[in-house]
Amino acid sequence: LEKYPQTYDLFQKLQEHHVATYQHLVRVALVTDDFAQRQGFSPEDCFKARTGALLHDLGKLNVPSEILNAQQKPEGEAWELLKKHVFFTREYLLASGMEDRDILYIALAHHEFQKESYSRHNGIAWHVEERRSRTSRLENLAQIVVLADKLDTSLYRKDQVHGHLAPQEKIARDFTGNHELIPLIMQNVA
């Protein structure tokens, strides 16, 4: 993130605001980078995926820690605010001078390949504006971030306990992207 000083400053503020979200971003970035490398993506693509993963929840700076620390899924106004974190992430990244549209897409698409997708603003998939073009390479990188995010969430978030489902089963239940990637990511992190 040193390449983007203003974004790096926001990332550090997130560590102060909510350490668990900061730790989540670091874990997701590490899994994303490892998996992208093992899948043969170029060093540049791995950098973009890793950076997008580090930034994908930056908008949670606008969500009070009481909501982020909830033991159960928030409801009502708290849930509506939490759902806006992707929009807030977009605003932070654009204001901080992030110009790489691929990184923006990867960071902002992290709820697009899930059954409960909520990153749309006013009913529009606004992240489309951030992309230069929709390529399968870019979509695959975004899906890797989604899978790493879901894996980390299924392992670490207290409000994500779903009976006796294993992490792979939880991911398969919620992920709407390329299901062939699921066993591959599980092999690489097991």
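**Stop 1: His 56**

Start by selecting His 56 and showing what surrounds it: leaving out residues up to four places away in sequence, His 56 touches His 24, Leu 25, Val 28, His 85, Thr 89, Ala 107, His 110 and Asp 149. Keep in mind as you look around that this is a predicted model. His 56 sits in the loop between α3 and α4 (65-68). Is His 56 buried or exposed? With a relative accessible area of 0%, His 56 counts as buried, because the cut-off for that word is under 20%. Now add Tyr 105 to your selection: His 56 and Tyr 105 are 49 residues apart in sequence, and their C-alpha atoms are 9.6 Å apart in space.

**Stop 2: the whole protein**

Zoom out and switch to a cartoon view. How many helices and strands does the protein have? You should find 10 helices and zero strands, so the pattern along the sequence reads α-α-α-α-α-α-α-α-α-α. Of the 190 residues, 51% count as buried. Contacts also reach across the sequence: among those between residues at least 6 apart, 72% join residues at least 24 apart.

**Stop 3: helix α8**

Select residues 136-156, which form helix α8. The 21 residues of α8 should span 30 Å at 1.5 Å a residue, and the C-alpha atoms at its ends are 30 Å apart, which agrees. Helix α8 is mostly covered, with 16 of its 21 residues buried.

**Stop 4: α3 against α8**

Next, show α3 (43-55) together with α8. Two packed helices are described by the angle between their axes and the distance between the axes. For α3 and α8 the angle is about 40 degrees and the axes are 10 Å apart. The two helices are therefore oblique to each other, and α3 passes α8 in a right-handed crossing. To see the contact itself, display Asp 45, Ala 49 and Ala 53 of α3 with Arg 137, Leu 141 and Val 145 of α8. Look at the spacing of the residues you have just displayed. An α-helix has 3.6 residues a turn, so residues three or four places apart point the same way.

**Stop 5: α3 against α7**

Keep α3 and bring in α7 (101-108). Their axes come within 8 Å and cross at roughly 50 degrees, so α3 and α7 are oblique to each other. Here too, α3 makes a right-handed crossing. On the α3 side, pick Phe 47, Lys 48, Ala 49, Thr 51, Gly 52 and Leu 55; they meet Asp 102, Ile 103, Ile 106 and Ala 107 in α7.

**Stop 6: the nonpolar cores**

Which residues touch the most other members of the largest nonpolar core? This core has 43 residues, and the ones to select are Leu 55, Leu 58, Leu 93, Met 98, Leu 147, Ile 171 and Ile 185. Helices α1 (5-17), α2, α3, α7, α8 and α10 (181-189) each supply at least two residues. The largest share, nine residues, comes from α8. Pause on Leu 93: beyond its neighbours within four places in sequence, Leu 93 is in contact with Thr 7, Leu 55, Leu 58, Met 98, Leu 104 and Ala 107. A second, separate core has five residues, among them Val 63, Ile 67, Leu 68 and Leu 82.

**Stop 7: Thr 21**

Finish in helix α2 (residues 19-38), where you will find Thr 21. Thr 21 is buried, with a relative accessible area of 7%. Apart from neighbours within four places in sequence, Thr 21 is in contact with Leu 14, Asp 57, Lys 60 and Leu 68.

Terms used. Residues are numbered from 1 along each chain as its sequence is written. This is a predicted model: local features need pLDDT of at least 70, side-chain atom pairs count only at pLDDT 80 or more; totals for chains, interfaces and linings use all residues. Side-chain values use heavy atoms; hydrogens and water are left out. Helices (H or I, at least four residues) and strands (E, at least two) are DSSP runs, numbered from the N terminus. Buried means under 20% relative accessible area, exposed over 50%, partly exposed in between (1.4 Å probe, protein chains only). Contact means heavy atoms within 4.5 Å. The expected span of a helix is 1.5 Å times one less than its number of residues. A nonpolar core is a set of buried Ala, Val, Leu, Ile, Met, Phe, Trp, Tyr and Cys residues joined through side-chain atoms within 4.5 Å. Axes are lines fitted to C-alpha atoms, for helices over the stretch in contact, and angles run from 0 to 180 degrees between N-to-C directions. Angles under 35 degrees count as roughly parallel, over 145 as roughly antiparallel, 65 to 115 as roughly perpendicular and the rest as oblique. A crossing is left-handed if the near helix is turned anticlockwise from the far one by less than a right angle, and right-handed if clockwise.
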